Amino acid sequence: MADHADTLAVEFRNIDKAFYGVKANDNVNFDLRRGEVHALLGENGAGKSTLCSILAGLYRPDAGEFIFEGTPATFKTPKDALAAGVGMVYQHFRLVSNLTVAENLALGHPKLSVHISQEQLEEEARQLGEEYGLPVDPKARIWQLSVGEQQRVEILKLLYRDAKVLILDEPTAVLTPQESQQLFKTMRQLAAEGRSVIFVSHKLYEVKQVSDRVTVLRDGKTVGGAETKDAEPRDLARMMVGRELDLPTRDPNPDIGEPMLIAEDLRVAGDRGLEAVKGVSFEVRRGEVLGICGVSGNGQRELAYGLTGLRIPSSGKVILDDEDITKKTVEQRIDRGIAYVPQSRLGMGLAPGLTTEENLALKAYRKPPFSNGPMLAPGVFKENGTKLIEQYDIRGVRPGLPIRLLSGGNLQKALLAREVELNPKALIARSPTRGLDVGATEAVRNLVLDERAKGTAVLLISEDLDELLALSDRVLVLYEGEVVGRMPAEEATPERLGLLMAGHRDEGAA
Amino acid sequence: MNDSTLILTLVAAIGLGTGLVFATVGEIITERAGNLNLGVQGMMLVGAVAGFWATFNTESLLLGVIVAMIAGAAFSVIHAFASVSLRVSQIVSGLALTIFGTGLSSFLGEAGEDPLVGNPSKATFEPILEGGLADIPVIGPLIFGHDLMVYVSWLTVAAASYYLFHTRMGLSLRAVGEDPASAESAGVNVARVRYAHIMAGGALAGAGGAYFSLALVPTWQNEPIGASGWIAIALVILASWRPWRALFAAYLFGAATRIGFTMQTLGEPWSNIPSSLLAMLPFVLAIIAMLVLASGKRARFLGAPAALGLPYFREQR
Ligand SMILES: Nc1ncnc2c1ncn2[C@@H]1O[C@H](COP(=O)(O)OP(=O)(O)OP(=O)(O)O)[C@@H](O)[C@H]1O
Ligand SMILES: [Mg+2]
């Protein structure tokens, strides 16, 4: 070890950090060499983001030792960390959405002169983008950019500060496979320049492909570390979850029934008034999973809105079990059997400030036994909560505390539990395993497949091709609001879907 | 021509609006940092009494204004401490500041052996040019006919606008008002930025208050500023958080305040309109501005800082 000392960028010794009595990091040890890509693996809630945030100066550890480039150090704020050359791209981006790309790069930079020249900033941003294969329009405002572009801005922000340690917290969760490959190239380039990269991911093949070393966290503790080339994905998975596991994929369902959820020439407006869904038609049958793929921003969100009633379609029809529900409200649709798992769990699907029990009853509370007239029945909330928490293995619930404190995977399990508990006729799910670890992904996929086995019509809208191919019976590709391809899952390959998603129509297309 | 009703009204509107210009620009700066300070009325009153007192004792207008600004800034620290450090609701802490400031200024005006109340100021702001440039038709009185503070207010507006939109600190300030978490991770000290700009807002409110007690109503009386502090908060919205628009919004209100007097000078039938009705006009304008512009989505579109009114905890999920 001693002879490596000069190449270590960061050393963490016995780090503790607790939130409301729960240990997010418990005696964690971690070291990072110069010029390496170091993967950090762990289940949802294992404490990866917490560890990264401590390094980035956002959280202060309760105990432990931190050695930066050979000398003990403390980062009290992100400013300290940035000044020392440590920067982080957070899981939930931290960009000021109505400022431009260039302004976001400049923000907080200590070496800028008092007067800010937009042109000069924009020029610098453009050059930096070219150098690292991270092209973005420096004049654009953040809200105008796709998530992939926003992520490039986040990385550029760090490079603009000349960060020597870059922490990327689940960067690929929001990227298409092609974008991920581009990101990996950039990461290798950074490492080759002598910078160190911490890469958090749940996808083992990505870890295998891009990293030099791995460290695995479980329940806030370091459970192992290895050179990537010596690590078998299977072993890593076992270390992460503490047991053997297998990602479920569908078997052909012999009981596919009659059409349950039908969209006919559906048109839905986008946020800025332009049409975002341009005449989409499909049917989902009982016991079938129809997968919808496409690069994000091609009308998936609006399609889901149109089907669930969050936005009333401008024309076309939505039919559920032979009933036209096009003009029905969200509540009426829920009553008729539409269940929805949105992409952003907090805000759209769950009420962040309410407790887990309350959230679990959020769709049923208007009716007995949850309520009697205007009065709620707290006992029933509690009973229902306890039952679902147990049945769906929702972990980290703290009684009386808001649900937003749960980790991503557990939030998702809670949301699915609530939706599935209503015995829906149709389940519409958007990227249900986005950002989830292998264990939680397994659980959520099983839940989706269980619904299918029960005869529910499932519409799975996702950008994750692995997930789509593993679960869908049929796949439909959305490009700029139109269906550009549909095929049985057996005929779909990632390459073929990737081309369609990028706008190349192929012969078999509809 | 320079004696026409229109010109006289416009000149008066500029005068009557100048106190509001300072206070509104100050509040814009504070709100742009994401802090809603409803204590403007209180800070203006504290500035008014402090400025009056300083000039009363030194006969210096310059010292009056400086002391008013220091007093306003110092007073605003109460709100900064409560809302930024203790994370008390900004609404509650701002209202408390107004209540406290109102009482404090009345008390200071009446305290001591020889109270200020009823005394005329020992010096007042007067137009700096008599004749010459000020006699040029139309632009003479409109541009050259004012007292020093009017020109200072123009400079303040220009400086605030430059500061907000073209400097590094302005960028940090706007980012903190939009998204403090992102700003902090980019290395900006959120608490420090908020403190500094609450105090800047307090200093400008103090200057605005002093303009009332040293130029508009230069005899000390309780609450010489009327409800100007509240009007300034409405003007921030009308100006959609931009300093140059604040200048014109403030003059619009100055004109509305003046309209009763103008009507009297016009004779029948205008002078028959009850003056109390006209005195309501600025407030009616304020209410309409709030109703039309302050609804959530529209306010965002106009430029309301996204994090306005929200406390910030770094380790919060
Ligand atoms: N700011 C916070 N406030 C309260 N609890 C927190 C906070 N941050 C993390 N936690 C808790 O600490 C634990 C670890 O969370 P962390 O976000 O570090 O996990 P993670 O490994 O990044 O998971 P994921 O894969 O879901 O992102 C969880 O139980 C979480 O609920
Ligand atoms: Mg995380």
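**Close-up views of a predicted two-chain model**

**View 1. Glu223(B) in its loop.** Glu223(B) has a relative accessible area of 35% and is therefore partly exposed, because that value falls between the 20% limit for buried and the 50% limit for exposed. The model shown here and in the views below is predicted. Glu223(B) sits in the loop of chain B that runs between α9 and α10, the latter covering residues 228-238. The phi angle of Glu223(B) is positive, at about 45°, although the residue is not a glycine.

**View 2. Arg87(B), in the loop between α3 and α4 of chain B****.** The helix α4 that follows this loop spans residues 90-110. Arg87(B) is not a glycine, yet its phi is positive, at about 60°. Relative accessibility of Arg87(B) is 35%, so the residue counts as partly exposed.

**View 3. Helices α2(B) and α9(B) crossing****.** Helix α2 of chain B covers residues 40-58, and its axis comes within 6 Å of the axis of α9(B). The two axes cross at roughly 55°. This angle is over 35 degrees and below the range of 65 to 115, so α2(B) and α9(B) are oblique to each other. The crossing of α2(B) with α9(B) is right-handed. On the α2(B) side, the contact is made by Val40(B), Met43(B), Met44(B), Gly47(B), Ala48(B), Gly51(B), Phe52(B) and Thr55(B). On the α9(B) side, the residues in contact include Gly201(B), Gly202(B), Ala205(B), Gly206(B), Gly208(B), Gly209(B) and Ala210(B). Phe212(B), Ser213(B) and Leu214(B) of α9(B) also take part in the contact.

**View 4. Helices α3(B) and α9(B) crossing****.** Helix α3 of chain B is formed by residues 61-85, and helix α9 of chain B by residues 190-216. Their axes come within 6 Å and cross at roughly 140°. Because an angle has to be over 145 degrees to count as roughly antiparallel, α3(B) and α9(B) are described as oblique. The crossing of α3(B) and α9(B) is right-handed.

**View 5. Asp26(A) and its polar contact with Lys221(A)****.** Asp26(A) belongs to strand β2 of chain A, residues 22-33. Its relative accessibility is 17%, so Asp26(A) counts as buried, the limit being under 20%. The side chains of Asp26(A) and Lys221(A) make a polar contact of 3.5 Å. Apart from neighbours within four places in sequence, the contacts of Asp26(A) are Ile15(A), Asp16(A), Gly220(A) and Lys221(A).

**View 6. Arg213(A) and its polar contact with Glu36(A)****.** Arg213(A) is part of strand β9 of chain A, which runs over residues 213-218. With a relative accessible area of 10%, Arg213(A) is buried. The side chain of Arg213(A) is joined to that of Glu36(A) by a polar contact of 2.9 Å. When neighbours within four places in sequence are left aside, Arg213(A) is in contact with Asp31(A), Leu32(A), Arg33(A), Glu36(A), Val37(A), His38(A) and Ala39(A), and also with Ala226(A), Glu227(A) and Thr228(A).

**View 7. Ile67(A) in strand β4 of chain A****.** Strand β4 is made up of residues 63-68. Ile67(A) has a relative accessibility of 13% and counts as buried. Not counting residues up to four places away in sequence, Ile67(A) touches Ala9(A), Val10(A), Glu11(A) and Pro72(A). Asp235(A) lies 168 residues from Ile67(A) in sequence, and their C-alpha atoms are 30 Å apart.

**View 8. Val147(A) in helix α5 of chain A****.** Helix α5 comprises residues 147-160. At 27% relative accessibility, Val147(A) is partly exposed. Beyond residues up to four places away in sequence, Val147(A) touches Phe93(A), Val174(A) and Ser296(A). The C-alpha atoms of Val147(A) and Thr172(A) are 11 Å apart, with the two positions 25 residues apart in sequence numbering.

**View 9. Confidence in the predicted model****.** Chain A has a mean pLDDT of 87, with 96% of its residues at 70 or more. Among the elements of chain A, strand β8 (residues 196-200) has the highest mean pLDDT, 96, and helix α11 (residues 345-349) the lowest, 70. The pLDDT is below 50 over residues 1-5 of chain A, a stretch with 2 contacts in the model beyond near neighbours in sequence. For chain B the mean pLDDT is 89, and 97% of residues reach 70 or more. The predictor gives the complex an ipTM of 0.83 and a pTM of 0.79.

Note on methods: Residues are numbered from 1 along each chain as its sequence is written. Chains are lettered from A and ligands numbered from 1 in the order in which they are written. This is a predicted model: local features need pLDDT of at least 70, side-chain atom pairs count only at pLDDT 80 or more; totals for chains, interfaces and linings use all residues. Side-chain values use heavy atoms; hydrogens and water are left out. pLDDT is the predictor's confidence in each residue, from 0 to 100. Helices (H or I, at least four residues) and strands (E, at least two) are DSSP runs, numbered from the N terminus. Buried means under 20% relative accessible area, exposed over 50%, partly exposed in between (1.4 Å probe, protein chains only). A polar contact is a pair of N or O atoms within 3.5 Å; within protein, one must be able to donate a hydrogen and the other to accept it, and residues adjacent in sequence count only if both atoms are side-chain atoms. Contact means heavy atoms within 4.5 Å. Axes are lines fitted to C-alpha atoms, for helices over the stretch in contact, and angles run from 0 to 180 degrees between N-to-C directions. A crossing is left-handed if the near helix is turned anticlockwise from the far one by less than a right angle, and right-handed if clockwise.
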